[in-house]
Amino acid sequence: MAAIRTKPDHHTYTFPGFGSEKFPNLLLRGAGDLNNWHLKVYEQQHEGYVAMKAALKMEPVAVTEEVKTSGLRGRGGAGFPCGLKWSFMPKDTADRKFTRYLVCNADEGEPGTFKDRVILEYNPHQLIEGMIIGGWAMQCVTGYVYVRGEFLWLIEKLEAAIQEARDAGYLGKNILGTGWDYDILVHRGAGAYICGEETALLNSLEGRRGEPRVKPPFPAAKGAFGQPTTINNVETLAAVPPIMRMGGAEYAKIGSPKNSGTRIFGVSGHVKRPGIYELPMGTPMNFLVEELCGGSSTGRKIKAIIPGGASCPMLDEKDFDVPMDFDNLRARGSMGGSGGLIVMDEDTCIVQATLRLIRFYAHESCGQCTPCREGCNWMEMILYRIEHGEGKMEDLDLLASLTPRIGMRTLCPLGDAACGPMDSALQKFRHEFEHHITHKTCYATGSRLLSKVGAH
Amino acid sequence: MNHPQPPETSNEPLAPGQRLPESERREFSPEAIAEIQAIMAKYPDKLAATLPALHIAQREFGFVSLSAMKAVAKAIGIPEGHVFGVATFYTMYQKAPVGRYHFSVCTNISCALRGAAQLLEKVCEKTGVKPGAGPSPDGMWSVEEVECLAGCGVAPCVQVNHDVYDELVDEQKLIEVMEACKRGEYRPWAQ
């Protein structure tokens with residue numbers, strides 16, 4: 001095995017007030033400490049595996065109820081209640097007809113999103129503990145962690161951490177005398193963004209092309225290898241140990257109504273202190289960007305923010321005060337998504353930025369559904385034309401008419417994801433597109449976002 | 001109307017009648033076969049070993065050639081067509097030879113906002129190869145433009161083989177990385 005990565009990261013995951021009562025750090029405990037991934041550090045300094053031991057003494061159904069009480073919503077993007085998802089698994093745990101699986105989605109591939117890797121890098125045991133608790137609640141036999149292929153050094157670290165847990169008797173046969181057998185396996189992806197979608201992930205896990213499946217049947221009925229399966233994001237599973245430790249009701253008090261707990265926000269783009277911030281749900285966006293991230297790094301005004309990874313509609317200045325939780329962001333026409341904020345200053349050309357985003361979706365479409373495969377490519381071509389000074393005014397109407405024919409017309413949400421940035425850019429920054437078409441130059445005067453030598 | 005020109009990448013779909021290049025090796029080593037069998041034993045279905053076996057094939061053969069795909073199919077006992085379908089779906093399997101040091105430059109939005117386009121041009125200039133155009137004549141370098149390396153907070157981000165340089169790579173840093181490559185040095189976690 002290769003050496004475990006011990007590089008001290010120069011960027012910080014902490015900020016003034018981090019870990020205080022105002023900013024509880026439930027997920028990033030010990031963030032920045034390079035030895036934090038070891039079992040002994042996790043157990044001695046961060047109440048490690050206390051929650052697991054308590055959960056194993058409870059009835060599996062009671063564990064699910066506790067998660068329901070906490071109001072934890074999935075952190076992968078959709079914000080679906082986690083406890084409810086767990087309760088969809090076949091109820092009769094004594095029924096040996098089914099082999100139940102828990103799958104952790106660590107295929108973090110959305111531009112602007114880099115939160116899961118921090119948990120994998122600094123706090124893998126919290127994820128493992130969460131997976132053991134989830135595995136017990138649903139009486140699973142195996143937990144699979146589907147990690148994106150590029151994270152090779154994290155896979156090695158995660159496997160070393162899993163081995164430590166096995167050696168301590170937290171995984172394997174008859175865990176802590178409960179008579180329950182459970183193990184966690186790591187599965188490495190191979191560079192397809194679509195595998196972050198749950199049914200595509202299952203196909204990839206089974207050794208097939210990562211093409212989404214038709215639902216129903218939902219994974220809880222027929223998932224990995226044809227058996228009942230629950231798929232949760234890394235951050236969701238890592239939130240389970242604090243819930244079991246402090247109690248669901250106590251956890252529900254953190255955050256905003258119907259959006260309980262803390263969330264990891266990854267900030268990138270034009271800010272002075274980009275990086276990872278763990279904050280209670282519902283924290284205002286301008287507080288994070290202006291106060292914690294230090295505002296614009298270029299000294300120019302901030303023009304647009306994508307609040308939750310590349311698939312979320314952009315927000316302009318009038319919405320910068322939005323409280324960051326699933327419901328408030330939806331009310332303002334965007335989404336909570338994966339919690340990755342992409343900040344763009346005044347000199348950013350929105351046409352270039354949109355072209356870059358749509359190019360991503362055109363490249364990553366699995367090709368299964370025609371609206372997504374053809375539509376994303378078509379949008380890319382039109383944007384390319386506009387960017388290169390060959391656009392016509394009709395192109396804007398054409399673009400606007402394309403998105404309703406792609407969104408909600410595909411097997412999986414990749415088509416919808418492409419429509420989010422496209423629609424919002426057209427609605428909020430139409431004048432930049434028009435400027436491109438009439439003047440054949442950028443409205444903004446900033447640096448180029450697109451390379452001249454690129455393969456695209 | 002000018003459509004974007006088709007890129008000259010090795011990951012493009014094959015033209016009718018066109019075949020993937022062959023690598024020199026045709027069979028897995030006994031150690032690799034043992035490794036694949038150990039992986040197969042972990043899953044309820046042997047098909048699930050396809051992706052891990054292709055990763056091993058890439059490591060053993062240098063790139064996932066047709067012969068590598070056939071070797072994978074034989075090692076797992078599954079149809080060759082299935083392996084071909086899977087290998088061509090995923091972008092991390094290189095279907096053509098790459099240089100000893102393969103640069104993957106992320107040019108997606110977060111990196112783009114922090115100068116990834118200019119960095120990619122610098123990488124191409126210093127290595128003398130275009131993205132996706134195969135290895136340099138001496139076999140040292142190859143360059144690929146990739147979609148997100150999850151280093152958005154420390155953009156721009158570059159990966160050399162398995163070694164992610166997620167530390168605000170600029171021209172100076174790039175020269176240092178290339179010099180280290182020429183000396184054959186890896187960082188400890190990327191061996």
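## Two chains, one buried helix

Chain B has 191 residues, and 56% of them count as buried (under 20% relative accessible area, with exposed meaning over 50% and partly exposed in between, using a 1.4 Å probe and protein chains only). This is a predicted model, where local features need pLDDT of at least 70, side-chain atom pairs count only at pLDDT 80 or more, and totals for chains, interfaces and linings use all residues; side-chain values use heavy atoms, without hydrogens or water. Residues are numbered from 1 along each chain as its sequence is written, while chains are lettered from A and ligands numbered from 1 in the order in which they are written.

**Chain B overall**

- Chain B brings seven helices and four strands to the model (DSSP runs numbered from the N terminus: H or I of at least four residues for helices, E of at least two for strands).
- Its radius of gyration is 18 Å, close to the 16 Å from the globule rule for 191 residues, so chain B is as compact as a globular protein of that length (the radius is over C-alpha atoms, and the rule is 2.2 Å times the number of residues to the power 0.38).
- Reading from the N terminus, the elements of chain B go α-α-α-α-β-α-α-β-β-β-α.
- Along the principal axes, the C-alpha atoms of chain B fit a box of roughly 50 × 50 × 35 Å.
- Among contacts in chain B with a separation of 6 or more, 66% join residues 24 or more positions apart (a contact is heavy atoms within 4.5 Å).
- Chain B has about 8200 Å² of accessible surface, 53% of it from carbon and sulfur atoms (Shrake-Rupley, 1.4 Å probe; for residues, only the protein chains shown count as cover).

**Helix 2 of chain B**

- Helix 2 covers residues 50–61 of chain B, and its twelve residues should span 16 Å at 1.5 Å a residue; the end C-alpha atoms are 16 Å apart, so that agrees (the expected span is 1.5 Å times one less than the number of residues).
- Nine of those twelve residues are buried, so the rest of the structure largely encloses helix 2 of chain B.
- The buried set includes Thr50(B), Pro52(B), His55(B) and Phe61(B).
- Both chains help to cover those buried residues: the cover includes strand 2 (142–147), strand 3 (183–188) and helix 8 (198–205) of chain A, plus helix 1 (30–42), helix 3 (66–76) and helix 4 (80–89) of chain B.
- Right after helix 2 of chain B comes Gly62(B), with a positive phi of about 90°.

**Chain A overall**

- Chain A holds 18 helices and 13 strands.
- For 456 residues, a compact globule would have a radius of gyration near 23 Å, and the 22 Å of chain A agrees.
- The C-alpha trace of chain A spans about 75 × 45 × 45 Å along its principal axes, and 64% of the residues of chain A are buried.
- Residues 24 or more positions apart make up 71% of the chain A contacts with a separation of 6 or more.
- Chain A exposes about 15900 Å², with 52% supplied by carbon and sulfur atoms.

**His270(A)**

- His270(A) sits in the loop between strand 7 (262–269) and strand 8 (275–280) of chain A.
- With 9% relative accessibility, His270(A) counts as buried.
- Leaving out residues up to four places away in sequence, His270(A) touches residues of both chains, among them Ser296(A), Asp345(A), Leu113(B) and Arg114(B).
- Glu110(A) lies 160 residues from His270(A) along the chain, with 18 Å between their C-alpha atoms.
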